[in-house]
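Got the viewer open and the cartoon showing? Let's walk through this one stop by stop, selecting as we go.

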Amino acid sequence: MSPSVPPSKGAPAHPASEAGRRALFPAATDAEWSDWRWHQRHAVRNLAQLEKYVPLTPDERAGVQETSSLFRIGISPYYLSLIDRDHPLCPIRMQSIPVRAEARIRPGELADPLGEDKTRPEEAIVHKYPDRVLFLALDTCSVYCRHCTRRRITKGGEAELSKEQMRRGIEYIRRHPEVRDVLISGGDPFLLSEERLEELLAPLYDIPHVEMVRIGTRVPVCLPMRVTDSLARLLRRYAPLYVVTHFNHPKEVTPEAREACERLVDHGVPVENQAVLMRRLNSDARIIKELSHSLLRIRVRPYYLHQMDVAEGCEHLRTPISKGMEILQQLRGHTTGLAVPHLAVDLPGGGGKVTLQPDYVLERGEQKTVFRNYKGERYDYPEPEETDCSCPYDSVWQQKRWG
Ligand code: SF4
């Protein structure tokens with residue numbers, strides 16, 4: 001992949017992927033390595049292939065065997081090249097190679113932790129919130145994440161949508177004028193051909209009440225060579241379109257990932273990140289802070305830090321709620337506000353997202369509110385004398401705007 005733009009100031013340049021590529025895929029030519037379809041064809045998909053590249057621990061070997069009927073394995077050569085072959089707690093390894101705990105389903109864990117199937121009026125559509133829908137476009141990914149909470153779909157039971165299912169999904173949105181925001185996900189929509197992606201984006205763009213589209217993808221993290229100029233140009237044609245990606249650890253912010261994200265941004269496609277907090281993988285304020293700083297350096301906004309969903313086989317990766325709050329407390333005030341993601345819990349069973357933050361209010365009174373700041377110091381905030389907060393000009397503005 002040839003650089004399209006000069007790197008941003010201070011962009012990460014650690015050579016993990018280059019060294020890994022030389023060690024694991026020495027025969028791959030530059031042309032092959034920069035071809036995302038080559039990575040798809042050479043993805044590691046079973047135990048025998050995996051053992052050729054990584055000396056597995058007994059726990060990992062048993063994990064691969066015991067989860068084989070539950071969730072598929074798939075690791076792109078690029079993502080595999082980032083693995084620390086000497087350390088089983090390498091964050092790349094923990095996200096892509098199963099361990100035995102993943103095969104154990106605990107009481108209370110859910111196959112559909114966000115209750116999406118209860119609000120799925122069409123195969124392609126989840127309509128849970130009033131003004132937005134999730135559009136499930138396909139079931140395949142470049143890497144099958146061990147923390148995936150949509151594995152009931154990505155385990156392979158559902159294929160790429162047929163043209164008819166896609167048409168019905170688009171028609172549903174057309175019939176629902178309250179839908180102003182469409183999040184396309186799956187699976188990973190960036191694995192669709194550009195032709196297929198356009199078959200989806202063009203009709204959505206033509207629906208007057210759809211104001212914006214978001215695409216959820218792990219491709220910039222796991223298969224960055226897929227983000228070609230041609231893909232970025234296509235996405236830009238359908239602005240406002242936001243890419244929501246999913247970096248979980250600063251080790252993933254490689255020169256290749258930077259190039260993918262900056263290519264999108266340079267084409268006018270904003271990129272934001274949703275990380276998942278995972279026990280022993282990134283459950284530490286220092287790591288989350290480094291992740292946020294690394295993302296900001298490549299012009300990706302750290303947006304959400306998700307508490308792990310109560311999904312089947314993920315118990316071993318879940319953190320106590322208090323850990324996320326503690327991390328936020330160590331970020332807020334100690335670094336740039338843009339580097340502090342929202343801490344979100346998606347309530348089990350379909351209750352929707354709520355956000356959490358440490359409590360900075362010490363006392364609430366009619367005259368003043370007493371806060372503590374990030375250093376623990378007390379500050380008074382006086383209430384104003386006038387408390388009428390109505391906005392009389394708003395009716396005028398609405399009249400002028402909507403006629
Ligand atoms: S890329 Fe997303 S949908 Fe695919 S396995 Fe990972 S978390 Fe699940």
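Start by selecting Tyr129, which sits in strand S1, residues 125-129. Bear in mind that you are looking at a predicted model. Is Tyr129 buried, exposed or partly exposed? Count its C-beta neighbours inside 10 Å and you get 15, so Tyr129 falls in the partly exposed class. Now add Thr119 and draw a C-alpha to C-alpha distance: the two residues are 10 apart in sequence and 9.5 Å apart in space.

**Zoom out to the whole chain**

Switch to the full cartoon and colour by secondary structure. The protein chain has 16 helices and 12 strands. Its radius of gyration is 22 Å, close to the 22 Å that the globule rule gives for 403 residues, so the chain is as compact as a globular protein of that length. Along the principal axes, the C-alpha trace spans about 75 × 50 × 50 Å. Buried residues account for 40% of the 403 residues. If you turn on a contact map, look away from the diagonal: of the contacts between residues at least 6 apart in sequence, 78% join residues at least 24 apart.

**Colour by domain**

Make three selections here: the domain assignment gives domain 1 as 16-103, domain 2 as 116-356 and domain 3 as 361-403. Keep the first two on screen. The C-alpha centres of domain 1 and domain 2 are 22 Å apart, and their contact takes 26 residues from domain 1 and 25 residues from domain 2.

Which helices of domain 1 supply at least two residues each to the side that touches domain 2? Select H1 (16-24), H3 (36-41), H6 (77-80) and H7 (91-96). H7 gives the largest share of that side, with 5 residues. Colour this face of domain 1 by class and you will find 16 nonpolar, 7 polar and 3 charged residues.

**Into the core**

Next, show the nonpolar side chains. In soluble globular proteins, nonpolar side chains tend to be buried together. Here the largest nonpolar core has 89 residues, and Phe135 and Val182 are those with the most contacts inside it. Domain 1 and domain 2 both give residues to this core, so it lies between them.

Centre on Phe135 and bring up its surroundings. Leaving out residues up to four places away in sequence, Phe135 touches Ala124, Ile125, Gly169, Val182, Leu183 and Ile184.

**The ligand**

Select the ligand and display what surrounds it: Cys141, Tyr144, Cys145, Cys148, Arg150, Thr154, Gly187, Asp188 and Arg218. By class, this shell has 4 nonpolar, 2 polar and 3 charged residues.

Stay on Gly187 for a moment. Gly187 belongs to the loop between strand S3 (181-185) and helix H10 (194-206). Check the peptide bond joining Gly186 and Gly187: it is cis, with omega about 10°.

**Backbone oddities**

Most residues other than glycine have a negative phi, and most peptide bonds are trans. With that in mind, go to Pro240, in the loop between helix H12 (229-237) and strand S5 (241-245). The peptide bond from Ala239 to Pro240 is cis, with omega near 0°.

Then jump to the loop between strand S6 (271-276) and helix H14 (285-297), where you can pick out Arg279. Arg279 has 16 C-beta neighbours inside 10 Å and so counts as partly exposed. Beyond four places in sequence, Arg279 touches Leu317, Arg318 and Thr319. For a longer ruler, measure to Leu201: Arg279 and Leu201 are 37 Å apart, C-alpha to C-alpha, and 78 residues apart in sequence.

Arg280 is in this loop between S6 and H14 too. What is the sign of phi at Arg280? Positive, about 70°, although Arg280 is not a glycine. Arg280 is exposed, because 12 other C-beta atoms lie within 10 Å.

Move on to Arg299, in the loop between H14 and strand S7 (301-306). Arg299 also takes a positive phi, near 70°. With 16 C-beta neighbours inside 10 Å, Arg299 counts as partly exposed.

**Last stop**

Finish on helix H16, residues 393-402, and colour by burial. How many of its 10 residues are buried? The count is 0, so H16 is hardly covered. Just after H16 comes Gly403, with a positive phi of about 80°.

Definitions and conventions. Residues are numbered from 1 along each chain as its sequence is written. A residue is near a molecule or strand if its C-beta atom, placed from the backbone, lies within 6 Å of it. Ala, Val, Leu, Ile, Met, Phe, Trp, Tyr, Cys and Pro count as nonpolar, Asp, Glu, Lys and Arg as charged, and the others, Gly among them, as polar. A residue is buried if 20 or more other C-beta atoms lie within 10 Å of its own, exposed if 12 or fewer, and partly exposed in between; C-beta atoms are placed from the backbone. Helices (H or I, at least four residues) and strands (E, at least two) are DSSP runs, numbered from the N terminus. Domain bounds come from an automatic or database domain assignment. Two residues are in contact if their C-beta atoms, placed from the backbone, lie within 7 Å. A nonpolar core is a set of buried Ala, Val, Leu, Ile, Met, Phe, Trp, Tyr and Cys residues joined through C-beta atoms within 7 Å. The radius of gyration is taken over C-alpha atoms; the globule rule is 2.2 Å times the number of residues to the power 0.38.
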